[in-house]
Amino acid sequence: MAATESKLFTPAHIGRLTLRNRTIRSAAFENMCFDHRPSKMLADYHLSVARGGVGMTTIAYASVNRSGLSFDNQLWMRPEIVGELHQFTDALHREGAKAAIQLGHCGNMSHRSTAGRTPISASGGFNLYSPTFVHGMSDDEIRQVASDYGSAVKLSIDAGFDCVEIHAGHGYLISQFLSPYTNHRHDRWGGTLDQRMNFMRLCMEQVMKAADGQVAVVVKTNMRDGFKGGNGLDEGITIARELQQLGADALVLSGGFVSKAPMYVMRGEMPIRAMTHYMRCWWLKYGVRLFGKMMIKDEPYSDLYFLDDALQVRREVTLPLIYVGGCVSREGIDHVLDSGFEAVQMARALLNQPDFVNRMAAGEQRCSCTHTNYCIARMYTLEMSCHQHRSDLPPCLLREIEKIERRNGQQR
């Protein structure tokens with residue numbers, strides 16, 4: 001399909017924001033914010049995506065406060081980095097792309113050394129997947145974190161961002177309140193789904209007040225948590241309807257829990273050898289090598305793997321929806337846009353080929369990502385990187401990648 005016959009290269013509208021086309025670099029793990037502030041490495045990557053034709057690029061997972069940090073090289077929104085971020089957004093604007101930032105709080109997915117305190121969540125207990133003890137939040141703490149979301153939005157506006165994406169999915173803090181798997185409270189913040197949505201409502205109240213029409217507000221939300229005992233599609237649709245009522249300009253429809261069902265988010269298999277190769281903690285390295293396949297279950301990959309669920313949500317809400325999940329081909333992207341979605345988000349495709357949007361405009365049909373998930377295996381240890389861009393991989397990792405690529409080829 002030629003560019004002129006497709007919606008892909010027509011403007012997308014999110015609130016008052018207009019994008020030059022319907023592509024967005026999704027908020028995917030970067031690990032490039034040393035000392036919790038933007039770096040040249042971060043800017044260079046996002047600028048390469050902007051030059052590559054994307055409509056908007058999203059800085060991933062900026063924490064709204066220190067307790068929301070889950071890893072060492074994560075962005076932490078605070079006044080002293082606003083000037084550096086403004087230089088970054090100015091550079092993106094000069095390339096013709098809009099700038100978005102994802103704001104969130106990791107909740108129970110941290111450690112005292114990173115968060116500066118015992119990790120917090122909807123309920124207390126022990127998070128096996130971190131692993132760490134967790135503190136159930138008090139009313140005052142709940143209100144403070146919601147206020148921190150509003151403060152982070154104001155800082156984002158001051159830094160020149162066009163859009164904020166509030167992370168309410170994937171098993172991070174807002175999601176931890178929404179899911180019965182992590183919310184065992186018996187007060188106004190827990191119990192029924194309606195009560196479990198109260199923290200989300202409070203955060204969105206602060207977000208919308210701070211945004212005040214100056215910045216587009218997008219929310220990433222789960223359609224399903226991806227495992228028994230979590231929210232299913234019916235709950236996901238109810239949450240989407242509520243976010244529409246709360247004033248969100250658009251939703252990004254996703255799914256999965258990073259602590260319980262991480263590959264439901266990303267699909268495919270986790271390359272355990274690569275994951276453990278970069279780990280510094282010896283006991284964690286060998287523990288994951290022995291039991292990783294039991295804890296991180298594979299989920300079959302297919303292009304557009306969230307589309308069936310997303311279409312059901314599309315029928316139930318009227319606000320713009322942004323599709324994410326397996327957008328690696330021109331045909332697939334055109335199909336999504338023709339199905340009623342305002343835009344598509346991509347992560348691995350734009351890590352593999354930052355100029356994929358320009359390539360599609362020139363007639364290329366598919367990116368060269370092979371979905372070995374090497375980029376995911378590096379998470380929380382090193383900065384994001386595609387194995388196709390590296391010349392320093394040891395033989396053991398190359399063999400693992402080749403085996404996964406053969407299996408992926410057989411599956412297709």
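Helices and strands, the elements named throughout this passage, are DSSP runs numbered from the N terminus, with at least four residues for a helix and at least two for a strand. With these names in hand, a walk through this predicted model can begin in the loop between strand E3 (23-25) and helix H1, where Asp-35 is found. Asp-35 is not a glycine, and yet its phi is positive, at about 60 degrees. A second backbone feature involves Pro-131, whose place is in the loop between strand E7 (125-127) and strand E8 (132-136). Here the peptide bond from Ser-130 to Pro-131 is cis, and its omega is near -20 degrees.

The next topic is how helices pack. Two packed helices are described by the angle between their axes and the distance between the axes. Helix H1 (residues 40-51) packs with helix H2 (residues 82-94) at an angle of about 20 degrees, and their axes are 9 Å apart. Angles under 35 degrees count as roughly parallel, and H1 and H2 are therefore roughly parallel to each other. H1 passes H2 in a right-handed crossing. On the H1 side, Leu-42, Ala-43, His-46, Leu-47 and Ala-50 take part, and they meet Phe-88, Ala-91 and Leu-92 in H2. Sorted by class, the residues of this contact of H1 with H2 are seven nonpolar and one polar, with no charged residues.

A further pair is formed by helix H4 (residues 139-158) and helix H7 (residues 198-211), whose axes come within 8 Å and cross at roughly 30 degrees. That angle makes H4 roughly parallel to H7. The crossing of H4 and H7 is right-handed. Residues of H4 that make the contact include Ile-142, Val-145, Ala-146, Tyr-149, Val-153 and Ile-157, while among those of H7 are Phe-199, Leu-202, Cys-203, Val-207 and Ala-210. By class, the contact of H4 with H7 has 12 nonpolar, three polar and two charged residues. Arg-143 and Lys-154, both in H4, also belong to this contact.

How do the axes of helix H8 (residues 233-245) and helix H12 (residues 307-314) cross, and within what distance do they come? The axes come within 10 Å and cross at roughly 45 degrees. H8 and H12 are therefore oblique to each other. In this pair, H8 passes H12 in a right-handed crossing. Leu-233, Ile-237 and Ala-240 are the residues of H8 that meet Asp-309, Gln-312 and Val-313 in H12. The residues of this contact of H8 with H12 divide into four nonpolar, one polar and one charged.

Attention now turns to the spaces inside the model. Rolling a probe the size of a water molecule over the atoms shows where empty space is left. The count comes to three cavities of 30 Å³ or more. In the largest cavity lies about 90 Å³ of space. It is lined by 13 residues, and the closest to its centre are Cys-369, Thr-372, Cys-375, Cys-386 and His-387. Which helices each supply at least two residues of the lining of the largest cavity? They are helix H14 (348-352) and helix H16 (374-377). H14 gives the most to this lining, with three residues. By class, the lining of the largest cavity has five nonpolar, seven polar and one charged residues.

The second largest cavity holds about 50 Å³ of space. Its lining is made up of Ala-168, Ser-175, Leu-178, Thr-221, Asn-222, Asp-225, Asn-231, Gly-236 and Ile-239. Two or more residues of this lining come from each of helix H5 (173-178), strand E10 (216-224) and H8. In the lining of the second largest cavity, three residues are nonpolar, five are polar and one is charged. H8 thus appears in two settings, as a contributor to the lining of the second largest cavity and as a partner of H12.

Definitions and conventions: Residues numbered from 1 in each chain as written. Predicted model: local features only at pLDDT ≥ 70, side-chain atom pairs only at ≥ 80, totals over all residues. Heavy atoms only, no water. Axes fitted to C-alpha atoms, helices over the stretch in contact; angles between N-to-C directions. Parallel < 35°, antiparallel > 145°, perpendicular 65-115°, else oblique. Left-handed = near helix turned anticlockwise from the far one by under 90°. Contact = heavy atoms within 4.5 Å. Nonpolar A, V, L, I, M, F, W, Y, C, P; charged D, E, K, R; others polar. 1 Å grid on protein atoms, 1.4 Å probe; cavity = no way out; pocket = protein on both sides within 12 Å on 5 of 7 lines; lining within 4 Å. Points joined across faces, edges and corners; volume = space filled by probe spheres on them.
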